[in-house]
Amino acid sequence: QSPHNSLNPRQTVEQLVGLVYDTFHKPGRAKRRETIASVLAQVGLPPDIAQMFPDQLSGGERQRVAIARALAADPEILVCDEITSALDVSVQAAIVNLLKELAARRKLTMLFVTHNLALVRNLADRVLVLDKGQVAEIGPVAEVIDRPRHPYTRQLLANALEADLDHRMELPRAAALPA
């Protein structure tokens, strides 16, 4: 959810990504460095970032390091828990585009845990709505979001729309306040 909190501030990017590599692969310095450089490149980061510490990175770069760290395990399924929640809107868009590209290039299945309906619409093929740990509704994104059948799903969507409208309505008032 928050790469700022999940990346050890005392370790370099190389150490953070390398730890995952070491956990899932046989030791070998050359292959390890090659893999670290490769996953950093796949998430759009330059090789020299490997020697940096998390506090030297922007929020978007930290999120990319977190993704690179996961990719170092060479997963078939990538679980993304509120992956864009701590990022500003422009960085969110870049991360969403990166995830789409990674899914296609690496043939990854991705599981998103999110409250962000825009993310669901943009990235998901199917959606599952949980109500107190029980499946309330499951199906294609357009069907569940545009024609929800379960009362909980309808309430969830209404609340999300209401919150989005409230947020949009507050922005002009905040912008109009005197300096």
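Here are some exercises on this predicted model, each with a worked solution.

**Exercise 1: Get the lay of the land**

Work out how many helices and strands the protein chain has, and in which pattern they follow along the sequence.

*Solution.* Start by counting: the protein chain has 8 helices and 4 strands. Next, read along the sequence, and you get α-α-α-α-β-α-β-α-β-β-α-α. Then look at how the chain packs. Of its 179 residues, 34% count as buried. Among contacts with a separation of 6 or more, 55% are between residues 24 or more positions apart. Finish with the outside: the accessible surface comes to about 11,300 Å², and carbon and sulfur atoms own 55% of that.

**Exercise 2: Follow the crossover**

Find the sense in which β1 and β2 pair, then give the handedness of the β-α-β crossover.

*Solution.* First locate the strands: β1 covers residues 77–81 and β2 covers residues 109–113. They're joined by 5 bridges, and the pairing is parallel. For a landmark, pick L78, which sits opposite M110 in β2. Now trace the connection: leaving β1, the chain runs through helix α5 (residues 89–106) before reaching β2, and the crossover is right-handed.

**Exercise 3: A nonpolar patch**

Name the residues that make the nonpolar surface patch of about 360 Å², and say which elements give two or more residues to the patch.

*Solution.* The members are I77, V79, L111 and V113. Sort them by element, and the ones giving two or more residues turn out to be β1 and β2. Let's check one member. V79 belongs to strand β1. Its relative accessible area is 54%, over the 50% cut-off, so V79 counts as exposed.

**Exercise 4: Three buried residues**

For T84, G60 and V127, decide whether each is buried or exposed, and list what each one touches beyond four places in sequence.

*Solution.* Keep one cut-off in mind: buried means under 20% relative accessible area.

- Step one, T84. You'll find T84 in the loop between β1 and α5. Its relative accessibility is 3%, so T84 is buried. The residues T84 touches are Q92, I95, V96, N116 and L119.
- Step two, G60. This glycine is part of helix α4 (residues 59–71). With a relative accessible area of 10%, G60 is buried too. G60 has contacts with L87, V91 and I95. For a sense of distance, G60 and D88 are 28 residues apart in sequence, yet their C-alpha atoms are 8.7 Å apart.
- Step three, V127. Look in strand β3 (residues 126–131). V127 comes in at 14% relative accessibility, which makes this residue buried. V127 touches V120, E137, I138, G139, P140, V141 and V144. V127 and A142 are separated by 15 residues in sequence and by 9.0 Å from C-alpha to C-alpha.

**Exercise 5: Salt bridges**

State how many salt bridges the structure holds, then work through the pairs D74 with R106, R121 with D146, and E143 with R149.

*Solution.* A reminder before we begin: side chains of opposite charge can pair when their charged atoms come close. The structure holds 7 salt bridges. Among them are the pairs below.

- D74 and R106: the closest N and O atoms are 3.1 Å apart. D74 lies in the loop between α4 and β1, while R106 is in helix α5, so this bridge ties together parts that are 32 residues apart in sequence. As for D74, a relative accessible area of 52% makes this residue exposed.
- R121 and D146: here the N to O distance is 2.5 Å. R121 is in helix α6 (residues 117–123) and D146 in helix α7 (residues 141–146), so the pair links distant parts of the chain, 25 residues apart. Both partners are partly exposed, R121 at 45% and D146 at 43%.
- E143 and R149: the closest N and O atoms are 2.8 Å apart. E143, at 27% relative accessibility, counts as partly exposed, whereas R149, at 52%, counts as exposed.

Key: Residues numbered from 1 in each chain as written. Predicted model: local features only at pLDDT ≥ 70, side-chain atom pairs only at ≥ 80, totals over all residues. Heavy atoms only, no water. Pairing = 2+ DSSP bridges. Right-handed = clockwise from strand over helix to strand, strands pointing away. Patch = residues over 30% accessible without salt bridge, like charges linked within 9 Å, V, L, I, M, F, W, Y side chains within 5 Å. Areas by Shrake-Rupley, 256 points an atom, 1.4 Å probe, with all protein chains shown as cover. Salt bridge = Lys/Arg side-chain N within 4 Å of Asp/Glu carboxyl O. Buried < 20%, exposed > 50% of the residue type's maximum accessible area, 1.4 Å probe, protein only. Contact = heavy atoms within 4.5 Å.
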